[in-house]
Amino acid sequence: MVDEKDYLVANNLNEAKVLMHEHCGNIHVLAGGTDLMVALREGKRSGRDTTYLLDISNIQELKAIERKKVTISDEDCNTNEDYIRIGAMVTFDEAAHSGLLLKTAGALCEAAKSVGAQQIRNVATIGGNVCNAAVAADSLSALTILDAKVVLEDLRGERVLSIGEFITGPGKTAINEDELLTEIRFKPLEDYYSAFVKLGRRKALAISRMNVAAALAFEDEKITEARISPGCVFATPRRVQSAEKILIGESPSEELFMEAGEEVSKEMVRITGRRWSTDYKYPALSAVTFKALAIAYNQAKSDT
Amino acid sequence: MQKLKFVLNGKCVEVEVEGCARLIDVIRENLGLTGTKEGCGIGECGACTVIIDGDAVDSCLYPALRAQGKNVTTIEGLAKDGRLSALQQAVLDHHALQCGFCTPGFIMSATALLNKNPKPSREEIKNAIAGNLCRCTGYEQMIEAVLDASGQTEIDNDSA
């Protein structure tokens, strides 16, 4: 059962920060609500103990997907970096169909398309997915190959963390009680070809059993850059650099992609140890990685 | 209790609801429209699908107070002057239901699709109703009904 809640609505970002500050520790942010509404009814998780729910779905500042110059102050010099910024309240449906994301983060669009069903994608948000930090969150492996950063804001200011720094364990993040995750930003992967492959128990509405996001860049028939991040495999999202190294500088081939896939499985065993499920997961992860790399390469081939 | 005002099937309604009330409970319990069904209550089955400002959503996952000022359509809002919508009629014509429990949700998902995309492909239809579980029909008649309602025959469309 749900205890009585006070439902607050913030109409702009500043209002939200003030409310978070005022009710610090006694307020829970309601993003899309597709996870929280179930958790509240089941009496699970943090939302249970707070008096206030804060609906942030009316905040326009959190709904844009845009290209933006961000000034990075580094000792004496200020450099302008080109970033793609995704507002925390962008829904999976909006992300899946964004022209800008299709051009700069194809794997993220594929991941967004694979979330739940249309009814879920219409309300569930990227910011909510990242903050819930589920091991099986579909957006996390795609954001990891983008080396994405999250922006956290409170009344005092903002801080920027990488996905790896933000997610500290299954379901755990580094967010403070009065902070809001306002945006996710990354440098556009314009010269890369990227793919996201998900293994679920069925096609629609499946929670990932395993997924892999991969991105490749080429020059003169050689792989110049490679990024691979498996989802549901590690406690926190990460890239598998040992597998990426196998690819860089080589000519793409089925054998090479198989070798990289095998290395991802080896890394899984190194990090998480052997479990009862390893016999199943080991070949599956190699195959899903192979598939993601092959899809990325096929995009490159059909593009030239 | 907090005040909630929204447009339900074209009429302005006002109710008092609890802070964490779900839209489905407000529609069924407070407003007495029981066409919207609750199946799983966790967003898996789609029986509770309604249309909010043009988008199909699961009303079991939707906070009632988020509907403030919005336009909500349920299965009861589709027939006009006693005439069924084209899709409702096509569902009958194609025997696209048996027990009928999933039917309102399925019709709302497909209606949202047809409003945005009047001539959907078979793939697009399957994608739009993938969040609606049906244990009776095997989906084939449901897809045919949507094709029919959009004025397309099997031959017009890409084959299975």
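What follows is a short chat about domain and helix packing in a predicted model. Residues count from 1 along each chain as written, and chains are lettered from A and ligands numbered from 1 in written order. Local features need pLDDT of at least 70 and side-chain atom pairs pLDDT 80 or more, while totals for chains, interfaces and linings use all residues.

Colleague: How far apart are the C-alpha centres of domain 1 and domain 2 of chain A?

Modeller: The bounds, from an automatic or database domain assignment, put domain 1 of chain A at 6–57 and domain 2 at 82–186. Their C-alpha centres lie apart by 18 Å.

Colleague: Which helix gives the largest share of the side of domain 1 of chain A that touches domain 2 of chain A?

Modeller: Contact means C-beta atoms, placed from the backbone, within 7 Å, and each of these two domains puts in 16 residues. Helices are DSSP runs (H or I, at least four residues), numbered from the N terminus. Six residues of that side of domain 1 come from one helix of chain A, residues 13–22: H1.

Colleague: Is H2(B) parallel or oblique to H5(B)?

Modeller: Axes are lines fitted to C-alpha atoms, over the stretch in contact for helices, with angles from 0 to 180 degrees between N-to-C directions. Helix H2 (86–93) and helix H5 (140–149) of chain B pack at about 135 degrees, axes 8 Å apart. Under 35 degrees is roughly parallel, over 145 roughly antiparallel, 65 to 115 roughly perpendicular and the rest oblique. So H2(B) is, relative to H5(B), oblique.

Terms used. Helix = DSSP H or I, 4+ residues; strand = E, 2+ residues; numbered from the N terminus.
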